[in-house]
Number of protein chains: 2
Amino acid sequence: MRRNLEDCTVGIAGLGLMGGAIARSLRNNCGVEQERLFACDKDSETLNAAKEAGLIAQGFEAEKAGEMLKSCDLVFLCLNPSTIIGFLEKWEGAFKTGCLITDIAGTKGSIAAAAEKFRKDVDFIPGHPMAGAEKGGFANSQLCNFNGKNYILTPLSRNKSENLQFLKDLIYKMGFGRITEVTPGEHDRKIAFTSQLCHVIASALIDCEEDTAITRFGGGSFEDLTRIAMLNAPMWTELFIENRGALLDRIEQFEKSLDALKSLISGAQAAELEKRLELVRDRRTVMSI
Amino acid sequence: MRRNLEDCTVGIAGLGLMGGAIARSLRNNCGVEQERLFACDKDSETLNAAKEAGLIAQGFEAEKAGEMLKSCDLVFLCLNPSTIIGFLEKWEGAFKTGCLITDIAGTKGSIAAAAEKFRKDVDFIPGHPMAGAEKGGFANSQLCNFNGKNYILTPLSRNKSENLQFLKDLIYKMGFGRITEVTPGEHDRKIAFTSQLCHVIASALIDCEEDTAITRFGGGSFEDLTRIAMLNAPMWTELFIENRGALLDRIEQFEKSLDALKSLISGAQAAELEKRLELVRDRRTVMSI
């Protein structure tokens, strides 16, 4: 049976930055009507704000998520990874038969494992929208722009192809520009580099400089490299530790390259250094195309 | 005698990205007329392009810089640091008595030393506009935006206060938002962090990843951290090596912070890691205000 978005009741578990941005996008870009959009969140003020903003028909307290889930044909789990695992355990019986579930967690190994063994009468396709903003929370969800951004899916062999196609169509409608399908392991190794390593580096850069007036000497590079250091500390702590195997490998690869450059600088090896920087420039230029 | 910009003949030595951007800004924001703006460059096509674009009245080949300098009341040296030193040695006799000279080099120690011992009948105020673009050269100079950016000056005790004031007024007219005056040593230590360390880190990030299709997994962080890896390799080689004392100190401070984070991640020390990331977030947030 083909799933039609206009017939779907949609539930969002967790109205933080991403949950809020998805709610806005479903309403503004995908034609989901307010009466068919629900959300649950631990914060009742957030739920009220979302209702008043014309996004959702009804908000459910975290303890009443089951009441929401029983009517939802499509569910977005917009929580931190460990909270998603706990949510699935607690509410496994509450999901509506035949519903399509997806999530937004920045690590996919443990989520995909939980999805794999989840109830057979529902379909859970793990995903990761590659979007964000410097400030977190529902109040900042308008700052989270999906246009042209990447979206990673790590489909399971048990996922139904029509559900996967439905989700991909929806993701493009939301504004994302490119969907990549990989295994959870491949996702976690790639993201360890593009996302987690970058957040560790940005954090280390701020960690090593106490002078907050240093921005008088900023020309854009420092600002660009450290903007993401304004991070959601509990979430990133969880992501770093959850994916620490892949992340530590990436940190060590980065340290080797940093050491190589440092050694060329320290030895004033101009010709070698220039050659290496040219390779870097050319590689990064290809990445921009 | 008070210097008036409308009476000044202005010369730009080096019409690269920054020389070109300064020429545009002098013409568009500061009211400098085309007939009073000259440039010299090693590339005759660039000089022709600048003339055809209505920026300069006349272009001088590098070997004929002296002909330009003899009529200039204000000179911008827009060359790499070592090229500036060479230019000053070669053309010391050619500068017009009473002229005001400034430069744009990203390291200030050696330039300030050269300025200190330069001809006593001219006034050289070393400077560093904190602006740039991913692509270099005159052809990209329109991409180099000065609006609201930082400008660092490292004035010498021998500089005349009226010349310093004149230059500061001009810098603000060009669109820069904040001028900071420090010693050359302080400049080089601060810039080693905000600029050079950031370029080394961005380069190391690209150096350690061969897969140019990695951008499918990018969500903005990786792109922001590595945009500056599309660097002018000869110029940055020179800047890194010239300022290597301060830069190596900064790399080592960064490595210590990176090691500390790595150790917390590796040990899965969630509480400690979260606390450290919160300090980072708060510090970076203060830097944004």
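In this predicted model, helix α7 of chain A and helix α11 of chain B are roughly perpendicular to each other, because their crossing angle falls in the range of 65 to 115 degrees. The two axes, those of α7(A) (residues 184–207) and α11(B) (residues 270–288), cross at roughly 70° and come within 9 Å. On the chain A side, the contact is made by S203(A), I206(A) and D207(A). Helix α11(B) contributes R276(B), L277(B), V280(B), R283(B) and R284(B). Sorted by class, this contact of α7(A) with α11(B) holds four charged, three nonpolar and one polar residue.

Chain B also offers a small stretch of sheet to look at. Here three strands form an open sheet with mixed pairing, in the order β7-β8-β9. Strands β7 (127–129) and β9 (178–181) of chain B stand at the edges with a single partner strand each, so one side of each lacks a neighbour in the sheet. On average, neighbouring strands of this sheet are turned by 15° against each other, direction ignored. Within the sheet, β7(B) pairs with β8(B) (residues 150–153) in the antiparallel sense, over three bridges. As a handy point of reference for that pairing, P129(B) has Y151(B) in β8(B) as its bridge partner. In general, strands of a sheet pair through backbone hydrogen bonds, either parallel or antiparallel.

A word on confidence rounds off the picture. The model scores ipTM 0.91 and pTM 0.91. For chain A, the average pLDDT is 96, and 99% of the residues score at least 70. Where pLDDT is low, the predicted coordinates should not be read in detail.

Definitions and conventions: Residues numbered from 1 in each chain as written. Chains lettered and ligands numbered in written order. Predicted model: local features only at pLDDT ≥ 70, side-chain atom pairs only at ≥ 80, totals over all residues. Pairing = 2+ DSSP bridges. Helix = DSSP H or I, 4+ residues; strand = E, 2+ residues; numbered from the N terminus. Axes fitted to C-alpha atoms, helices over the stretch in contact; angles between N-to-C directions. Parallel < 35°, antiparallel > 145°, perpendicular 65-115°, else oblique. Contact = placed C-beta atoms within 7 Å. Nonpolar A, V, L, I, M, F, W, Y, C, P; charged D, E, K, R; others polar. pLDDT = per-residue confidence, 0-100.
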